[in-house]
Amino acid sequence: MSRDFPYHILNHVAHRPWPVPNRPWVMTQSWHDLLFAHWPIDAHVLRNKLPPDLPLDLFEGRAWIGIVPFHMSNVGPRGVPWLPFVSAFAELNVRTYVTMNGKPGVFFFSLDAASALAVAAARTVLNLPYHLATMTVDAESGSVRYRSRRRASRTGAAEFVARYWPVGPPRSPQRGTLEYFLTERYCLYAVDRRGRIRRLEIHHPPWPLQSAAAEIAINTMTEASGIALPAEAPLLHFAQRLDVVAWPMRMVAGSAGRVLNPQ
């Protein structure tokens, strides 16, 4: 697979909740065969897992946690050629939703990836909780078979095995809906090694969401972060592809440093 990134998405910004950053972007990614699996969860549980100064974002009083498996292409810094085994790999994340200074975003409890280089770079440069995993993704006959097992973890096994598929036509989520709340986010939040909150802004077209179905055989992804899922079926959505541009991470104004335990 060679680079096929649609740079014209940078010209389509009317759907965004705030303007794109007024500085050069630095990275592209294309996300493929993505599943959103979401569960409502006790807000108190999630607040205790967040940095102290990062507010949890709620939808109609409820907090949500998501497990998101997918695979990527076009991964790389601006101007760098596509490279086999570097620019394309599988990833799976565990996330919740936060907001700060009027910008709702994503907070990751963990990110598993099949690329040792990506894991090392993200941990070193961004201080994101990346983990190396053995992963396989097979997309055929209208469904995706996904398998991920973390190679090493101080907190126990982190494994996800599932088959999932789209149901119905794609549609863009409408503002004010739960689907919009869970997906249409244009930044992520993290903390640096001094405990200061940082924001990484992204841009992408509106999500082409489809309803989805899934057979989840193994899922211990949240347990590795000390979070138990409720005993109910998840809310499922599928997206065949989304193209993303990212800007450098920056400190959030007013963020105070605190000593935090490394993830």
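These are my notebook entries on the fold, cores and surface of one predicted chain.

**Ground rules.** I am working with a predicted model, where local features need pLDDT of at least 70, side-chain atom pairs count only at pLDDT 80 or more, and totals for chains, interfaces and linings use all residues. Numbering runs from 1 along each chain as its sequence is written, and side-chain values use heavy atoms, with hydrogens and water left out.

**Overall build.** I looked up the secondary structure and found three helices and twelve strands (DSSP runs: H or I of at least four residues for helices, E of at least two for strands). I then checked the radius of gyration, taken over C-alpha atoms: the chain has 17 Å, which agrees with the value near 18 Å for a compact globule of 263 residues. The C-alpha trace spans about 50 × 45 × 40 Å along its principal axes.

**Cores.** I noted that 51% of the 263 residues count as buried (under 20% relative accessible area, 1.4 Å probe, protein chains only). Next I looked up the largest nonpolar core (buried Ala, Val, Leu, Ile, Met, Phe, Trp, Tyr and Cys joined through side-chain atoms within 4.5 Å). It has 40 residues, and Leu-46, Ile-65, Phe-109 and Tyr-189 touch the most other members. Strand E3, residues 89-100, gives the most to this core, with five residues. A second, separate core of 34 residues includes Phe-89, Phe-108, Leu-128 and Ile-202.

**Contacts.** With contact meaning heavy atoms within 4.5 Å, I found that 71% of contacts between residues at least 6 apart in sequence join residues at least 24 apart.

Conventions:
Buried < 20%, exposed > 50% of the residue type's maximum accessible area, 1.4 Å probe, protein only. Rg over C-alpha atoms; globule rule 2.2 N^0.38 Å.
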